[in-house]
Structure formats: structure tokens, C-alpha cells
Amino acid sequence: MSRNLCLIADVHGNASALKAVLNDAAKAGCTDYLSVGDITKRGPQPQECVNLLRQVKTKSWVMGNHEKTYHDMLVDHDPHTQGAKKIMEIILNAYDYFYLNDLTYQWLANLPYLQLCQFEGLKIAIMHSLPNKPWGNETNPRSDQENFDQMLKKSAADLAVYGHTHKQLMRYSTQDRLVINPGSVGMPTTSGTWQHNNLAQYAILRLAGSDVLGVEFRRVTYDIQPEIMAAHERNLPYGDLYCGLLRTGEYTYSVEQIEEYNQRHQYDSITNFKEYFAWKK
Ligand SMILES: [Mn+2]
């Protein structure tokens, strides 16, 4: 039986980009949808993104580093990040806490790091970065081979799908197993030159039985204006950075840019998750 798997990573609360991707995927004959983490955070419409993925009966839901900060804050009242970024995580988590329904927030905060999906005889390991660690820099496109080997080391899976780096990629593990990154739906960024754009990225894995017929990396145009409107209407924190990224396709969340934003909005004094949430809800 042929199946076309739609691989979706790093939506980051951008429902406009996700809608465009799901439309494109339906036209391209996708039959199954797999989420690779970081569905929410930074964009204005977290609940809408979860709803859209539920509508297409998404089969894998793994935790990204952003959903991990929900977990950390529920457990320790601390997002486990440092400096200016810590303040941003607290504020953006409070925003998401407000716009997500309670059950969804709890559910996202408790997703597994790793999920195994099987289609006929083909086993796919799905993770955000590494099987035991949905954060960090180990899986950047130019990282050491051993980091990619770790994805499948203790696994019976035939191939791995991961996200996190916002870079579309296909390579091999040392055991000749495929590793695929579909790129980012909601926040594709690059410091390169030829690909300065904000097209929503995803990938399709085409299967016939247990055979991989093809891997397609796709980039979809969409109208960013409704997304910018949603950010303004909801008074999205760090909205300047978010809208700037959508307009240019350049990364706008450097520590310097976040520090500057925090100072400008006098966010520096917010360090307590509990207090901030009590105020929000
Ligand atoms: Mn991530």
C-alpha cells in the first residue's frame, strides 16, 4: 500500500504557515501526518496550530525544546534557560498558557522525546533533536557524524526524522540508515544568501509498502499579513522579533536582540513564573 507521509517540524505557533503547508500536502497526496516537535512558542496562535494538526489525525507527537520549557516551568517554576532568554521563555510560556486550553498545555508539556511509527515493515524513529534530548546544538547540519549515529544507535528503526535546526537535510547514519529533517514550517531562517526567504518548509516521504520511493523537500509560499495581524491583535510579546523574522527570513532572536527588547519593555524584573502566570490568567 502506498503512503505519503507529511513531515512537520517547528511550526512555532505560526498557524498561517501551517495552513498553507497542510493545503499543499493534501494536494500532493499526503495520507499521514507526523509532528516532529516545537508546534508552539513564539508565534501568536498556539492552540490553532494544535487544532490544525489534530484535524489531520497526526500520528506522532514528540516534544520539542519549547514544549520542554512548559514542562520545566510546571515542575520547577523555571524554564531552565539563562539570562535574557530565560525572561523571554517565562513571558512567552505565559502567553501560550493564556491562549492554549489547560488540557492542551498539560498535554504538550508531557509529550515523549521519542516516538516510533511503523508503516508496513518500515520503522521510523521521530525525535526533535536526539532520542534522549530535544534541545542542544548536536544535530546542526555540519555536526559530527557520531551525533547523527546517536539518533538510531539503540533503535530498530530504519530511518530517523528530526527537526529543531530549521534546516532541511537528508544524510546517512554510519549504518546506512536515512536521517531526514523537513525544515521549519513556521520559522524558516537562514544566514545564507540564496535562500533568503520566509517560505514554509516541510517534507514528504513517499512509501510503497516498506520501500521508500522518494523524499521531497518542499517550500510553500503563504501570505504573512494575517499572521502579522494576529500578532498585533493579541499583543504578542516579542512581536517585533517574530514579525521581523517573517518579513526577512533572517533570525531575529539573538541574545543581543532579546536583551534589547527586554530593556525596552522593562521585562528585566520578571523572573518568577508563578507570579507572572497568576497575573496572566
Ligand atoms: Mn526546537
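**Cysteines and salt bridges in a predicted model**

Hi everyone, let's start with the cysteines: there are zero disulfides here, counting a disulfide as a pair of cysteine sulfur atoms within 2.5 Å. Why is Cys-30 not bonded to Cys-6? The sulfur of Cys-6 is the closest cysteine sulfur to that of Cys-30, but at 4.5 Å it is too far for a bond. Cys-117 is in no disulfide either, as its nearest cysteine sulfur, again in Cys-6, is 13 Å away.

A quick word on the source: this is a predicted model, where local features need pLDDT of at least 70, side-chain atom pairs count only at pLDDT 80 or more, and totals for chains, interfaces and linings use all residues. Residues are numbered from 1 along each chain as its sequence is written, and side-chain values use heavy atoms, leaving out hydrogens and water.

Now, how many salt bridges does the structure hold? There are 12, a salt bridge being a side-chain nitrogen of Lys or Arg within 4 Å of a carboxyl oxygen of Asp or Glu. One of them joins Glu-89 to Lys-41, with the closest N and O atoms 2.6 Å apart. Both residues, Glu-89 and Lys-41, are buried; buried means under 20% relative accessible area, exposed over 50%, and partly exposed in between, using a 1.4 Å probe and protein chains only.

Another pairs Glu-48 with Arg-234, the closest N and O atoms being 2.8 Å apart. Here Glu-48 is partly exposed at 25%, and Arg-234 is partly exposed at 24%.

Finally, take a look at Asp-24, Arg-206, Glu-216 and Arg-218, which a network of salt bridges links. Within it, Arg-206 and Glu-216 bring their closest N and O atoms to 2.6 Å. Thanks for listening!
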